[in-house]
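Here's a quick tour of one model, with a few spots picked out for a closer look. Have the viewer open as you read.

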Amino acid sequence: MKMKHLVAAAMATLCLVSNGVNASADTFSPYLGYEINDYDESVAAPISHTISGSYTGDKMGLNTPLLNPQDMCFINGQLYILDSGNGRILVTTPEFEKTEIIENFTDKDGNEFSIVDAKGITVDKNGSIFIADTVGCRILKYSDGHISMVIERPDDALINSDTPFNVSKLLTDTDGRLYALVESVNMGAFVFDKNGVFQSFYGSNNIVQTAEVIANYIRKQFLTAEQREGMMSITPVAFTGFDIDENGFIYTVTADGSEDAKSGVVRWLNYKGSDILDLDELSFGDVEKDGAYWSESLHTQFSDVDVDPEGYINLIDTGRGKVFQYTIDGKLTSVFGGYGNQQGTFSVPAAVESIGEDVYILDSEKAAVFVFSPTMYGSKLREAIEKTEENSPEAMKLWQELLALNTNSTYPYYGIATVHDANGEYKEAMEYFKLAGAHTEYSKAFREYRKTAVRENLLWILLGAGAVRAAVTVTLKLLSKRFIAVNGTAFSPMESKYTFPLYTMRHPVDGFEQLKGRNIHSYIYIALLVIIWFVIKSWEFFGMGYPFNYNRAQDYNFLITFISTIGFFVFFVVANWAVCTLFSGKGTLREIATVTAYSLLPMHICSCIRILLSNVLTQEESAFLGVILFIGIAWTVIELFAGLYAIHQYSVGGTIGSIFATLIGMFVICFLIVMFYSLIQQTVGFAQSLLEELSMR
């Protein structure tokens, strides 16, 4: 077990004990409590759900124990359990006090039906039971004490196909429509009307347009019909589970482990079957990739989903045997369970249902229903979220209490910030949004704070803007005069050694051609401009405005910054000198270094402006930063191209070719350095082994 997991377990236990939660044998949980921060990393947290009861057939008062139960459904105050191995249905209260057994399935004519190995069950608002008879490839409706309807394979929906109708999951909506998932069909859910007539498919998963999918499409355009048929087809991934909330929205999950299908996808579908979740912003399951225990077999694989009356989403992950609970906004509030033999762990979690705040998990192999209830921490977190949504004055107190319980969590900071934001306290909201890692919300609060600041200081801002404009105007006029040649000379004052970098920004070709006949380069300027590049890159890492800066101080890498600036400069200069020496370039190593360093100046200026502006702009205004960055890079590239063209005296095409050859040369240099480093390592290793061998003789 990793050290961070040991720490997480210790902290979770301390939090539980310190807040009056009895950590005795009946409430102890054999799994760790954690949350996911805004960098997709797990951080220690108190356990928010713990097992409060486990119910086998014996505890339910059954003479015949449960055998391979597959599904359950809660409606009208009753819990329906599909005891698939015994071919029966159990109807009980949430406390498992009263149990009714339905095990004789016949129609009006006395024909018998078996539901052994059925996988799905649902109950409509009228109490009619629908059974997914997987083996029989049909759907059975049980009402008024008998099988009242049989829905078989809709041939008109599966034309020119012998695909079996092996139904696995069912649900009904408030209008009486029946939705069915079929294991062998990936076109979405089958939708049937009240009379069992097929209507349409609903909510098929989309194929993600990856590079492989696009390449296969292009390749198919050049193949014969026989070759196209022989290629592997890429199809949408089938749903593995679904549920419907009180507003009629349907939630679906998939369990495919391939990256192309985005494994573990959770979808929230409207009446048209369109997904209204923003998958670019949300992630579900254990998103942290931990090399110590993560492997292909541990991909997140959701098998079932449940939505409780308050909109909380419960997901079963069969990849790790855990249950994840999220808010309607996709914020993780609880993780519990896991594979094992201890109380509170699973063997084969098959179905999830929620009754109030309790979460019921059906384990088909252990043949039991496990009931998980929120701990004091879990209940308080849920209450704080709900009070915040209601704009209740109690929300602030609850979030502060949660912060005292768990300073690792971003939720209290986010909650406190939300309360401040709702009260118009934008400066305080910005502070807590920053602690919560909420860049978008910080940007919105900053926008409102900026409005207030501008309104209160409008006069000073106008005076400052006028002063800056006047200073810029005067500076430009003075500089423009210095670009004019002095009487009796061929050069302007800006063409001196110490102002030459500014001159080349405006006249790159004319300026860099002077390197051939005039000694106006400066090694100090070359070194200074390259060092400034390193400094600006470091400043950009730390100094960009928070709405645009997702970096952490501990992630700063001096070596990477050094290689990407100073190292890049050295590699480019050396590679260009080597290439142009081979291809009769006229530029010397000194001239190449001068051109490359001086060409960085426009990018430096624009980078500084961009960093400064990022601290007064919001995310909605990010286009300005993009334009400034583009101008800086484009200006530098143009100046570099003009400078190389001038000193090497190539044609335009030759200059372009030399630049591409330079980039290839940089790659070769890097490759040789890596190979040399590897050779040195092997030599040192061999020498150490040889010395150890000699010392043992």
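## Helix H5

Which residues of H5 are buried? The list runs Ala-395, Met-396, Leu-398, Trp-399, Leu-402, Leu-403 and Leu-405. Before going further, bear in mind that this is a predicted model.

As for its geometry, H5 covers residues 394-405, which makes 12 residues. From first C-alpha to last, H5 reaches 17 Å, close to the 16 Å expected at 1.5 Å a residue.

## Strands E19 and E20

Next up is a strand pair. E19 (residues 250-253) and E20 run antiparallel, with 4 bridges joining them. If you want a specific pairing to click on, take Thr-252, whose bridge partner in E20 is Arg-267.

Which way do the residues of E20 point? Val-266 and Trp-268 go one way, while Arg-267 and Leu-269 go the other. Whichever way they point, all four of these are buried, and that includes Arg-267, the partner of Thr-252.

## Around Gln-301

Gln-301 sits in the loop between strand E20 (266-269) and strand E21 (302-307). Is Gln-301 buried or partly exposed? With a relative accessible area of 26%, Gln-301 is partly exposed, because buried would need a value under 20%.

Setting aside neighbours within four places in sequence, Gln-301 is in contact with Ala-255, Ile-316, Asp-317, Thr-318 and Gly-319. For Gly-319 there's a backbone distance too: its C-alpha and that of Gln-301 are separated by 5.0 Å, with the two residues 18 apart along the chain. Another of these contacts, Asp-317, turns up again below, in a network of salt bridges.

## Salt bridges

How many salt bridges are there? The count comes to 24. One of them joins the side chains of Lys-119 and Glu-183, at 2.7 Å from N to O. Lys-119 lies in the loop between strand E9 (112-113) and strand E10 (120-123), and Glu-183 in the loop between strand E15 (178-182) and strand E16 (189-192), so this pair ties together parts that are 64 residues apart in sequence. Lys-119 is partly exposed at 29% relative accessibility, and Glu-183 is partly exposed at 38%.

Then there's a pair within one helix. Glu-386 forms a salt bridge with Arg-382, and their closest N and O atoms are 3.6 Å apart. Both lie in helix H4 (residues 376-389), 4 residues apart, or about one turn of the helix. Glu-386 counts as partly exposed at 21% relative accessibility, whereas Arg-382 counts as buried at 5%. The cut-off for buried is under 20%, so Glu-386 at 21% falls on the partly exposed side.

## Another pair and a network

Arg-552 and Asp-555 also form a salt bridge, with 2.9 Å between the closest N and O atoms. Arg-552 is buried at 15% relative accessibility, but Asp-555 is partly exposed at 41%.

Which residues are linked in a network of salt bridges? Asp-286, Asp-317, Arg-320 and Lys-322 are. Asp-317 is the residue already met as a contact of Gln-301.

## Cysteines

How many disulfides does the structure hold? The number is 0. Two cysteines to look at are Cys-73, which is buried with a relative accessible area of 9%, and Cys-580, which is buried with a relative accessible area of 1%.

Methods. Residues numbered from 1 in each chain as written. Predicted model: local features only at pLDDT ≥ 70, side-chain atom pairs only at ≥ 80, totals over all residues. Heavy atoms only, no water. Salt bridge = Lys/Arg side-chain N within 4 Å of Asp/Glu carboxyl O. Helix = DSSP H or I, 4+ residues; strand = E, 2+ residues; numbered from the N terminus. Buried < 20%, exposed > 50% of the residue type's maximum accessible area, 1.4 Å probe, protein only. Disulfide = S-S within 2.5 Å. Contact = heavy atoms within 4.5 Å. Expected span 1.5 Å × (residues − 1). Pairing = 2+ DSSP bridges.
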